[in-house]
Amino acid sequence: MTTTSLRNVVPPPRRSAFFSYVLSICAVAPVVVFVLLLTGRGFSDSIPESGGPAVWLMAIMAIIVELRPILTPGSRYSLTAMISLSFVMAILITWGFIPALVVQTIVAILVFGGMGAPVWRIGFNAAQFALALSASQLVLLMFDLSGTEFIAGAAGLGTFLLAGLAWFFTSHVLVGCAWSLRFAQPWWRALTSSFGYEAVVHCALLGLAPILAVAAAVNPWLVVLAAVPIFAVSRMARLSADRERMALTDGLTLTPNRKGFQQLAGDTLAQMADSRFRMAVVVCDIDNFASVNNALGHGVGDRMLNELSRRFQQHCSGPGTVVARIGGDEFAFLFSEIDSVQDAYTAASSIQTALQEQVWLDEVCIDVSGTIGIACYPDHGDDFDDLFRRANVAMAEAKERGSGIAVYTPESDNHSPERLSLLGDLRRALETEALPGIELYYQPQIDLKHGDVVGVEALFRYRHPTQGPIDPSDLIALAEHSAVMRVLTYRVIEECVAQLSRWLADGLRLRASINVSVRDLHATDFCDYLFERLEVHEVPAELIRLEITEGALMADPRRVVTTLKRLERGGVSLSLDDFGTGFSSMQHLRRLQVSEVKIDKSFVLGMRHDTESVAIVRSIIELGRSLNLHVVAEGVEDEATWRQLIGLKCPSAQGWFHARPMPPAALAEWMVRYRPPELRVAEQQTSMVTKPQ
Ligand code: C2E
Ligand code: MG
Ligand code: MG
């Protein structure tokens, strides 16, 4: 399926330039022909005896060979080659310019009319060929060559070769200019894009013309025999065009494949700058397709893909829409006539509609679903590679969120060149101790009953040499999907344990919470590394608590059970971070030996303003109490929230009200100055009362 806009349609802003060009060619051609005819050399001086039947035979054969025109693959919708060229050139040599022009014009009208081309296009192509033939005639006139006399010597053949080249170059340049004006491509690209292939085919066709001319002079029936190689060339050109088309088509669903999709999208994009429409590149990955293949075999899997492709084509059949299968279970869609990103979303929803109905295969009923990513031109990129990559980023985001469809957002894009380079810089900084920029900050956690500092949370900080401090949440999200995360976690473990050891040596016994990602816990050597560092720095394991976000842990708790058991046996406790934002089951809380939950700061920050947040915080505190879990409220920013938490009997808290995260040296100083908030507030109140007015 190809986009409607590519067929014989000219983008509106280019219309005036393009049609002026077409009109000038259509006007110039008759003038040139007329001037050539003024020379009085419209017919050959030495028409062979067999002239009558032979010219008719060649004219008929010129039409026959063009009955099934060979089209270029892809979206250009133009001829690969004029196979009738051999006959036309043979007629030119033998009978002269006028008969050749008449036959060529009739062939052009029949071929392009038969392809359903608009009148302007038929006119342009007829004029283009007329000018090309005029160029050939001019060469023949210049060398005063006509009739079959050129056979007599090499010079004559050379002249004919020149005439043939004049035809090819004139035709090629005229079409190249039209293409360049129509699709705003640089002229050199329009001229060179298919030059090699067309030159080979045209040379073969032109080379056969003298043989046809000689055959016609000797015996008209020899023309039929001499035409056999022309059919061979035609067949070769067709096979080659078919092969090229197959290279752009998916053999199973017969929709465009990745390369074909890329070409169609690229051609469509070339016109988008002038279009009032937006274009959406949409990718859809069929969920769990591997299990269909594994359970029912690849034959059934293929049938399923065929069925899905049929449904997609049925549901996504609007103008400017392309459906393609670009990989195993991946489909891609192009919507090039949409008005907004919202429209793209609606169009993509029709893909989901196509998947809603179950698929019956071998009496097995299969529920199908897909994950869809959307990127729009010009909103999310202006070349195909960017749009395609970003549609895939959106798809990955949809997978992660389980939302089914996602539109590209830069925040979810961890793979832009800037982010990749940031990741590279971070990795270098992590691996090279000598490089500055990496630091651990520590934020105190306060026991709400007595006001004591019960521990600290270690928080990673990175100051980029040119970009300055990078937001830790962004950085972790970036690193989390890469191997850098492991390097980061190990560096944090090493620095934090070394710091605890220094504090112990200074007589400060503090417990530290270290944030780890769930992928860290999948690594088999994680526990070995942690216990080894504790041993080296002589730090007791109970001084370490690992924080892992609730959402990440609960997504696949079974994979980490072994690691968590080992940590527990070794004396390292586990805290569920950002609690309340994921879905924990009571059973998992017990089985995973969680010893602490940290109420997500969004609820704590909301306590002052909405009762729902208060209700959530209260229920988490009660849950902690009944399951014997320690509870920390994070994000305590002010006195009012602190008081509310004391009222709810929350065991401990962490937040700016007590202290911001700070470097280790600042923390040590802070600890010396620290006064429990109860005393601090009381002192403030006293000082306000006693302050002279
Ligand atoms: P988190 O583990 O939930 O850390 C608490 C975040 O809340 C910290 O943000 C902290 O600075 C901030 N915070 C503390 N008190 C308050 C407050 O009163 N109000 C507000 N609005 N915010 C407060 P930070 O340092 O930007 O870290 C963000 C997230 O980055 C952390 O959230 C954690 O998920 C991740 N992270 C930081 N360091 C590491 C690390 O070493 N490893 C891993 N895996 N993740 C880390
Ligand atoms: Mg944390
Ligand atoms: Mg948190």
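Start at the magnesium ion (ligand 2): select Glu 457 (OE), Asn 515 (OD1), Glu 547 (OE) and Asp 577 (OD), its protein donors, lying 2.0 to 2.3 Å from the ion. Donors here are N, O and S atoms within 2.8 Å of the metal (3.2 Å for Na, K and Ca); water is not among the atoms, so sites may look incomplete.

This is a predicted model, where local features need pLDDT of at least 70 and side-chain atom pairs count only at pLDDT 80 or more, while totals for chains, interfaces and linings use all residues. Residues are numbered from 1 along each chain as its sequence is written, chains are lettered from A and ligands numbered from 1 in the order in which they are written, and side-chain values use heavy atoms, with hydrogens and water left out.

**The metal site**

Along the chain, the donors of ligand 2 follow the spacing E-x57-N-x31-E-x29-D. Now add the magnesium ion (ligand 3). The two ions, ligand 2 and ligand 3, are 4.2 Å apart, and Asp 577 coordinates both. Asn 515 lies in strand S11 (residues 512–515) and Asp 577 in strand S13 (residues 573–579), so the pair ties together parts 62 residues apart in sequence. Helices (H or I, at least four residues) and strands (E, at least two) are DSSP runs, numbered from the N terminus.

Buried or partly exposed: which is Asp 577? At 7% relative accessibility, Asp 577 counts as buried. Asn 515, at 28%, counts as partly exposed. Buried means under 20% relative accessible area, exposed over 50%, partly exposed in between (1.4 Å probe, protein chains only).

**Strand S15**

Select residues 630–634. This is S15, and 4 of its 5 residues are buried. Strand S14 (residues 596–599) pairs with S15 in the parallel sense over 4 bridges; two strands pair if DSSP finds at least two bridges between them. Val 597 stands opposite Val 631. S15 also runs parallel to strand S16 (residues 652–654), joined by 3 bridges. There, Ala 633 stands opposite Ala 653.

**Helix H3**

Jump to residues 85–95. In H3, 11 of its 11 residues are buried, including Phe 87, Met 89 and Trp 95. Gly 96 follows H3, with a positive phi near 110 degrees.

**The open sheet**

Finish with the 5 strands in the order S2-S3-S1-S6-S7, an open sheet with mixed pairing. Strand S2 (321–327) and strand S7 (405–407) stand at the edges with a single partner strand each, so one side of each is left without a neighbour in the sheet. Inside, 7 bridges join strand S1 (residues 278–286) to strand S3 (residues 330–338), running antiparallel. Cys 284 stands opposite Phe 331 in S3.
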